[in-house]
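Student: I have a structure open and want to read its salt bridges and sheets. Can you walk me through it?

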Number of protein chains: 2
Amino acid sequence: MNQHPDYILNQINSPKDVKNLTIDDLKKVATEIRQLVVEKDAAIGGHVGPNLGIVETTIAFHYVFDSPKDKVVWDISHQSYPHKMLTGRKEAFLDPDHYRNVTGYSNQDESEHDYFKVGHTSTSIALATGMAKARDMKNENGNIVAVIGDGSMSGGLALEGLNNAAKLKSNLIIIFNDNQMSIDDVNGGMYKMFAELRETNGQSSNNLFKAMGLDYRYVDNGNDLETMISVLEEVKDIDHPIVVHINTLKGEGYQPAIERKREFHWHVPFNVEDGSTKNVATGESYNKLILDELGRQIDDGKPIMAINAAIPGVFDLVPFKEKYPDNYDDVDIAEQYSITYATGLAANGARPVVFHNSTFLQRAYDQLEHDMALNGYPVVMLVKGGHITENSNTHQGIFDIGMISSIPNLEYLAPTNAEELISMLRWALTQTDKPVVIREPVTEVRHGEADDDYTEINYRVANQGEKVAILGLGAFYKLGEDVQRKLKEDLNVDATLINPISATTLDVETLNNLKKDHELVVTLEDASMVGGFGEKVDHFYANSEMKVLNFGAQKELTDMVPVEELYDRYHLNPEQIVDDIKRVID
Amino acid sequence: MNQHPDYILNQINSPKDVKNLTIDDLKKVATEIRQLVVEKDAAIGGHVGPNLGIVETTIAFHYVFDSPKDKVVWDISHQSYPHKMLTGRKEAFLDPDHYRNVTGYSNQDESEHDYFKVGHTSTSIALATGMAKARDMKNENGNIVAVIGDGSMSGGLALEGLNNAAKLKSNLIIIFNDNQMSIDDVNGGMYKMFAELRETNGQSSNNLFKAMGLDYRYVDNGNDLETMISVLEEVKDIDHPIVVHINTLKGEGYQPAIERKREFHWHVPFNVEDGSTKNVATGESYNKLILDELGRQIDDGKPIMAINAAIPGVFDLVPFKEKYPDNYDDVDIAEQYSITYATGLAANGARPVVFHNSTFLQRAYDQLEHDMALNGYPVVMLVKGGHITENSNTHQGIFDIGMISSIPNLEYLAPTNAEELISMLRWALTQTDKPVVIREPVTEVRHGEADDDYTEINYRVANQGEKVAILGLGAFYKLGEDVQRKLKEDLNVDATLINPISATTLDVETLNNLKKDHELVVTLEDASMVGGFGEKVDHFYANSEMKVLNFGAQKELTDMVPVEELYDRYHLNPEQIVDDIKRVID
């Protein structure tokens, strides 16, 4: 049910309706939008600070421009909630029953006012320049506006975009939303210079945008509606590219989001009154075990450098950073740099440990292959989030095994429990042969046995059975246990259960031995199967009598599909797997 | 035999010997180095202009600094020939019998004065910053110098590097070798601003380096040895990062390389006297067929935009650019941008065609997945160089199938002849369903039949036989023909021969039909097999009686290994393949 039938926002069914409101009413709409952002995010989680900071810009855009003839491209698009509310999708914010009707990102399938599904950073300048060029080729007109900020400017793609946008000889408006933050605090040199621009009201000569050949304008109060309207009216229909640098407050209008900017960039469900988290996780965590181990090694004098690209929260790195500031580097949003920088550190004798989200690590595929693996220095990496989730299609991290396992000269280890994770980390930091990537499990912390040395990959055979062998990789080892048990119960088959340790290297001896008394090998991986672990096993047995069944995600980009539904679709429940096995061995 | 026993260079066995020479002698050494660069490249091909331009910087570095305590990191490292000559590897330039003793790139396996194998651009700032940070962590000293230029500065990784280098509170010297060129002419806004800096002797306020928070110094004559020595002496042991912007002439000392800078960036064997190419290719080329087709479509009014990232020569795009300047965009070295920009163009109704080298396309994996494929706009791409070659390990393009085929929602087509290539291109530019990537064959032009429509992938069955079926993908279809013939001759097996059309999508019906009267499927792909085409076929048959043999490159990074040797190693000769087949079907 609509929680706010009294809101002026109810009168806005399309951007046209924005133009008919008075400035006073629009200011009220701004307050309403902020309330709805907070209410929805408090209930189901979402991006808080980015949306609160951009409210006036969004209202001003729709007041001044004529969408969709004039087009706005949102960088990352995690700040597009206000835009959605003003473009026919307000119900998804007013009515909790409809909260899940829209995604957290822009989406051309939802509205003619959206053009892209995006969730990674730094894309908007390139996308908008492409749209502007296409407009010119077709001899059309209309403004193209890119909105970028929130740390995205440090990403190489955004900077490549500035260099190329400057070539355009027609309309393009780049709104640089400078909220003085990326997801975390921003560190790099450009941010120091942006601060100088803010302090000098845009007059400092150290100006990245002018140095890229772009026209430039500074707006000190980007959260003032009348200012934003008058600025956008002035740049509307401009005949060349311009950067409009606006100074805004991340979290504007909600005190907890202003005070705890990092925490409220994206937040799990929280209590509106004080911003406290509704369900605080307790107990052991793999993150903490990893960081405790790194701390011990630093205390022992090991030259460890923990590197991340603006996502310390994902790995609980904030307390680590406070305790070991000299052993911590947040490189801003710059995934490519993180890998190449780590290679340089390792080449000169330091021990870098790079923390990455699987979906963002895609930015650094070439750096993994050409910079890191080719050179063979012992960079260590932790990769998280490469699992089948109900994430939006913009943040599917499930391609990590296919991506990483195609690269020679590195090892991608998949621990199944805490002891194995820490043992692998210790070994990775001791050996000097090659880069080692470790796939952090996302299950609750499990305990078990572990090997000390992973120079050779020797599968751990937990149960030596016959007929069927189950290879349960990493987080799906537990699923293997369940399947093994159920096969015994339902079919009286004593299946062999194996922990294959690595997503990249096959234990040829063990696989060959299975040929003697097994007729089926079952692979389980919590990732996309294309190019992944199971296909390597298929390849191994392709020319033998052994049959293989692979389980994992199909090749598709799912969008906020509940995990249960995906498991059902992919046959990842023990009953389904046993059923599929039954059909083969009968 | 040493061609120049009289050269002063013969006295230089390590950088120490550089310091003992007089400036006059060093100037003679500069001339000798240039002569040797030209002689070697004329004989076996190589990078010409980049090496000729950097001679004085290299000599000055070794005169002023103490390598390897002081370390120099070469960006791309295609300009490291002079460095190799001064660091114990002169024989590989003086003596044609030893030309192939060293690679064309820096290589830590060759010398203690090299630290990285690199051949892709824009890495040096990140690598050097990592080395500097490691030095500080270990409380060591010594200078770290990165040399970057030749178009590398437009790459996102280099710009991410500037932002992060500015955080360092210790010694780092970034020499920006501004030769006013990337591989091709440079286009973007930053290059206009670099020109301003050159014109104002470094005084212009539009300064990218200062805007990134870095100290800065301009040197107008980077090809003057005494100037370079005195500048490097001044910045030696500096206690913070600094950019030394030097103005040099690409090709200095060799007139053909100065006059034809693009052509002489990298050159096949040529005649020294006039720079003319020794063996000019004649006859049909796939490049020309592609560009002729695009030209026809542009003439018909289609809004085509041909995009490349500073490699027009690879696709013979220069004449196209001259004829269709409004339909051509060289985005500088910025592979990520090229894909995202193309997505923006396609989203707004233009028809982008993006040309890429397989090895450099690795830079844009995330853009292929998250920007291009997820959004589904009909970007068209041509990919070249994804083949088994004797390239150095820095430029192995063989991972393209594994990389691209893991991405949902795009089609990777592999034509086997000219008619198929053009038919696929036409279809790709007509359909609006999804991005289409086409793998340009590297064989000499072949002719044959083609389908008109690739909406569904229907394998072309060239010969319907029995027992053995051969799937010859793209450029390896010819190998399939050879194997088919030899199977008939040697074993009297009438094998089925199939052109599988696509590297990503299986024709399930045809593959299922093979189960009736075939016992073995053979896959042939001119690429790395890991995550590739053959493994998809393995996966398809994993749970059936069908046996599969895959042929392609093993998972490794080979370094200048002759193709014949690789074919032998990978069993890619018809005799070997027939032999392997025999072992299975007997």
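Tutor: We take the salt bridges, then a sheet and its helices.

Tutor: This is a predicted model, where local features need pLDDT of at least 70, side-chain atom pairs count only at pLDDT 80 or more, and totals for chains, interfaces and linings use all residues. Residues are numbered from 1 along each chain as its sequence is written, chains are lettered from A and ligands numbered from 1 in the order written, and side-chain values use heavy atoms, without hydrogens and water.

Student: How many salt bridges does the structure hold over all chains?

Tutor: Side chains of opposite charge can pair when their charged atoms come close. A salt bridge here is a side-chain nitrogen of Lys or Arg within 4 Å of a carboxyl oxygen of Asp or Glu. The structure holds 67 over all chains.

Student: What do the side chains of A:Arg89 and A:Glu110 form?

Tutor: They meet in a salt bridge, at 2.8 Å from N to O. A:Arg89 sits in the loop between helices H5 (81–86) and H6 (91–94) of chain A, and A:Glu110 in the loop between H6 and H7 (124–137), so the pair ties together parts 21 residues apart in sequence. Helices (H or I, at least four residues) and strands (E, at least two) are DSSP runs, numbered from the N terminus.

Student: Is A:Arg89 buried or exposed?

Tutor: Buried means under 20% relative accessible area, exposed over 50%, partly exposed in between (1.4 Å probe, protein chains only). A:Arg89 is buried, at 6%. A:Glu110 is partly exposed, at 25%.

Student: Where do B:Asp25 and B:Lys28 lie?

Tutor: Both are in helix H2 (residues 23–44) of chain B, three residues apart, so about one helical turn separates them. Their salt bridge has its closest N and O atoms 3.8 Å apart.

Student: Now the sheet. What is the strand order in the open sheet of five strands?

Tutor: Strands of a sheet pair through backbone hydrogen bonds, either parallel or antiparallel. Two strands count as paired if DSSP finds at least two bridges between them. In chain A the order is S2-S3-S4-S6-S5, with parallel pairing. S2 (71–74) and S5 (215–219) of chain A stand at the edges with a single partner strand each, so one side of each has no neighbour in the sheet.

Student: Which strands does H7(A) lie across?

Tutor: Contact means heavy atoms within 4.5 Å. Axes are lines fitted to C-alpha atoms, for helices over the stretch in contact, and angles run from 0 to 180 degrees between N-to-C directions. H7(A) lies across S2, S3 (144–149) and S4 (172–178) of chain A, at about 175° to S3(A).
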